[in-house]
Amino acid sequence: RDRDVTGVQTCALPICSIDEVACRLMRNEASPEAATRIAHAIKRGLKENVGEYVRCSIGIAPNRYLAKVATDLQKPDGLTILREADLPERLYVLSLRDLPGVGHNMEQRLIKAGIRGMRDLWALDPERMRAIWGNVWGERMWHLLRGADLAEEETQRRSIGHSHVMAPELRTPEKARHVARRLTLKAASRLRRMEYYASAFSFSARFESGLRVEGGERCWRAQDSSTFLRLLDKIWDRTVRNQGRARIKKVSVVLYGLTAAKDLQPDLFDAPSGAEADRKST
C-alpha cells in the first residue's frame, strides 16, 4: 500500500498519522467519568456506522503526548485513562521505543548516555534531557511526560513524499516505473493543494534482492507534475536501468526544499524552465 510521508521539525509534537486523531476536551468533559462516556460513544459510533471489524484504542491524559502513550498501554480496542497521579509508575512498564519520538537512532543515543529504561529516563533533569536530544524537544518531553499541557509549536513543513510496496505482479521494472510515476503525480498534487513549491526531488527503489538504489535532482522551484516526472526519468535512467530485469519491491519519491507560495519572492528575471532549470544534486 501507499505510505504518505510529510516531514516536520522534530521540536514539535509528533503529528498524527493517518489512523490517529486527537482532540481537546472542554472543561465540562474533562472529568474521568465524562471522558469515559465520550470514549465509549466513539467506539459505539464506529461499530454502528462502520462495522465490528474496525476498532480503536483511546487514551485520555493531561496532554496529547501522554494520551498517545496511553493508547499503547492497552491494545487492541483499549481505553486507558492516565492521570498525573499515575505518574511515573504507569510509565515504567514501557520501553524507550514505546515513547512517541523515540526511534532506533534516538534509542541508541539514550543507551550510550546510560539510559536503558523508563526509570533512568524519568530520573533525568530537563537540562540533561535537552543535552541528550540535542535540541529543545528533549526539555519539552521532560515536561510532557509529567503531564504539562504545553502550547504546541507550529511545525515547519520540510518534505512531501510517498512510498509503495509492490504486489508481486507489479515488481517488473516496467510496472514499477508506472507506480513511481503515479506516486510522483500524487506528491505533486499534494504540493499544489498545500500551496507549496519544491526545489528538489529524490527517488529510491529497493529490489527483492535487498539492493537499494537512490538519487536526487534539483530544479527551479516548481509545483507542476511535468517537472518532477522529468526528474524521475533522469534518476531512473542512471539508477534502476543499470539493474536490468531485477525485480523491484518498493519505490519511494520525495519532494523537498519546500517554500510556501505566500513566502515566494518575486523574480528579478524570468525563471528558467525545462531542462535548463534542473541542477543535479546527487
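**Exercise 1.** Work out which residues of helix H5 (residues 126–133) are buried and which are exposed.

*Solution.*
Step 1: Set the terms. Helices are DSSP runs of H or I with at least four residues, and strands are E runs of at least two, numbered from the N terminus. Buried means under 20% relative accessible area, exposed over 50%, and partly exposed in between (1.4 Å probe, protein chains only).
Step 2: Pro126, Met129, Ile132 and Trp133 turn out to be buried. They lie on the same side of H5, because they cover an arc of only 125 degrees around the axis (the arc of the directions from the helix axis to the C-beta atoms).
Step 3: Now look at the other side of H5, where Glu127 and Ala131 are exposed.

Keep in mind that this is a predicted model: local features need pLDDT of at least 70, side-chain atom pairs count only at pLDDT 80 or more, and totals for chains, interfaces and linings use all residues. Residues are numbered from 1 along each chain as its sequence is written, and side-chain values use heavy atoms, without hydrogens and water.

**Exercise 2.** Find what covers the buried residues of H5.

*Solution.*
The cover includes helices H3 (104–112), H4 (118–122) and H6 (136–145).

**Exercise 3.** Which residues of the largest nonpolar core touch the most other members?

*Solution.*
Step 1: A nonpolar core is a set of buried Ala, Val, Leu, Ile, Met, Phe, Trp, Tyr and Cys residues joined through side-chain atoms within 4.5 Å.
Step 2: In this core of 30 residues, they are Leu191, Phe201, Phe203, Phe228, Val240, Ile248 and Val251.
Step 3: Helix H7 gives the largest share, seven residues.

Terms used:
Contact means heavy atoms within 4.5 Å.
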